[in-house]
Amino acid sequence: MKAAFYEAVGPAHEVLQLADIPEPQPAPGEVRVRVAWSGVNPSDVKSRAGLRSQTLPFPRIVPHSDGSGVIDAVGEGVSRARIGERVWLWNAAWGRAHGTACEALCLPQRQAVRLPDAASGEAGACLGIPALTALHAVLMDGGVAGKTVLVAGGAGAVGHCAVQLASQFGAARVIATVSSDDKARIAREAGADAVVIYKTEPLAERMAELTQGQGVDRIIETDMAANAAANLDMLRPGGEVVAYGSGASPLAIPFYPLIVKNLQLKFFMVYHLSESDRARATGTLNRLLERGALRFPIAERLPLERIADAHQRVESGRAVGNVVLRVGATGDTP
Ligand SMILES: NC(=O)c1ccc[n+]([C@@H]2O[C@H](COP(=O)([O-])OP(=O)(O)OC[C@H]3O[C@@H](n4cnc5c(N)ncnc54)[C@H](OP(=O)(O)O)[C@@H]3O)[C@@H](O)[C@H]2O)c1
């Protein structure tokens with residue numbers, strides 16, 4: 001079967017290769033998924049580029065944690081009734097050598113979640129990382145009902161989803177930051193009540209105006225290093241930052257505003273959700289998908305053979321929406 005892989009970290013066009021490799025057979029407790037769409041996330045790109053580690057955890061890595069497809073074989077202990085089921089995948093490449101950038105992969109059956117009929121296969125390739133991250137950031141620690149929520153980067157893959165979810169889960173007000181008028185329109189269409197263009201508008205002043213000087217209750221943060229200090233000014237006493245991303249590792253955060261305002265900083269990685277948080281998030285997500293309540297803008301659809309271009313597109317930071325690779329028969333209407 002056809003697969004994309006790398007055996008050393010480095011630039012996309014230098015290390016990503018395509019070849020025929022043996023088709024995997026499901027072990028006990030596993031399903032084999034015939035991949036239709038493979039989603040490309042910043043995390044996949046950072047691992048391939050060597051930003052996390054220069055050493056590979058496995059000699060050969062088939063990248064990408066997200067994807068969708070159809071179960072075509074099951075291992076011992078898995079109901080044969082699952083054969084033929086459309087599924088979306090989570091953590092396919094996390095701590096594993098074999099992700100979704102290939103025609104078929106095997107993984108534990110709980111990592112293949114039924115994809116509701118109302119959801120397209122390409123949307124199914126945007127769920128494992130972007131949607132579960134957004135959902136957890138919105139639902140964690142009591143959720144956002146009645147709260148004023150600021151979503152940083154409200155047109156990003158995670159941010160766009162977080163805007164939709166915060167507004168659907170009862171936030172009193174959803175404010176998004178974006179970098180341009182085009183992205184402002186996207187965030188508004190997703191449900192943002194107000195949008196601030198952080199590159200040209202004075203962010204703290206605009207936030208004070210929009211909240212009548214009260215500040216916001218929760219900030220869902222895509223770039224903690226860039227925004228940490230400003231966030232403390234924009235939170236109301238007792239407020240919190242839920243940070244899932246950062247453009248750099250060192251954080252410069254003043255101590256006094258944190259303690260004087262009783263602020264909380266929270267961090268999480270979607271790969272490490274607890275069993276109960278993951279079960280709640282996948283169940284909730286599927287209920288939303290069943291009623292067509294979420295949209296996933298696709299920035300680019302490319303064939304598997306153009307995986308290096310797809311990685312470069314994500315790496316550029318200029319993709320507005322998700323980048324997905326078409327792998328096999330998708331069943332989606334064009
Ligand atoms: N913790 C986790 O489990 C987890 C899960 C998913 C993603 N992440 C991380 O989160 C980050 C975003 O992922 P993504 O898939 O949403 O990427 P994306 O689709 O590229 O979106 C990032 C968005 O953030 C905006 N942005 C960049 N710098 C900003 C700033 N200083 N203030 C406000 N907005 C800013 C970008 O727009 P402009 O550049 O135009 O401003 C873009 O819209 C990545 O670093 C990724 O690795 C972490």
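**Notebook: sheet, helices and ligand shell**

I began in the sheet, where A176 stands opposite V195 in β10. I am reading a predicted model, and I keep that in mind for every entry below.

**Entry on the strands.** I looked up how the two strands pair, and found that strand β9, residues 173-178, joins β10 in the parallel sense over four bridges. Widening the view, I traced an open sheet of six strands in the order β10-β9-β8-β11-β12-β13, with parallel pairing. I then asked myself which strands stand at the edges. They are β10 (194-197) and β13 (264-267), and each has a single partner strand, so one side of each is left without a neighbour in the sheet. From one strand to the next, the twist averages 20°.

**Entry on the helices across the sheet.** I followed helix α7, residues 203-210, and noted that this helix lies across β8 (148-152), β9, β10 and β11 (216-221), while running at about 165° to β10. Helix α8 lies across β8, β11, β12 (235-243) and β13, and I recorded its direction as about 160° to β12.

**Entry on a helix pair.** I next checked α5 against helix α6 (residues 181-190), and the two pack at an angle of about 35° with their axes 8 Å apart. On the α5 side the contact is made by H160, V163 and Q164, and on the α6 side by I186, A187 and A190. Sorting the residues of this contact by character, I wrote down four nonpolar, two polar and no charged.

**Entry on the ligand.** I turned to the ligand and listed the 22 residues around it, of which K46, S179, K183, Y198 and V270 come nearest. By character, the residues of this shell divide into 11 nonpolar, eight polar and three charged. Which atoms of Y198 and V158 face oxygen atoms of the ligand? For Y198, an N or O atom in the side chain is 2.3 Å from an oxygen atom of the ligand, whereas for V158 a polar backbone atom is 3.0 Å from a ligand oxygen. I also found a nitrogen atom of the ligand 2.8 Å from a polar backbone atom of Y244. As for cover, the protein takes up 82% of the 920 Å² of accessible area that the ligand has on its own. The elements that give two or more residues to the shell are α2 (42-49), α4 (127-139), α5 (157-168) and α8 (224-234). I therefore meet two helices of my earlier entries again here, as α5 also packs with α6 and α8 also lies across β12.

Technical notes:
Residues numbered from 1 in each chain as written. Predicted model: local features only at pLDDT ≥ 70, side-chain atom pairs only at ≥ 80, totals over all residues. Heavy atoms only, no water. Near = heavy atom within 4 Å. Polar contact = N/O pair within 3.5 Å; in protein donor to acceptor, adjacent residues only side chain to side chain. Areas by Shrake-Rupley, 256 points an atom, 1.4 Å probe, with all protein chains shown as cover. Nonpolar A, V, L, I, M, F, W, Y, C, P; charged D, E, K, R; others polar. Axes fitted to C-alpha atoms, helices over the stretch in contact; angles between N-to-C directions. Contact = heavy atoms within 4.5 Å. Pairing = 2+ DSSP bridges.
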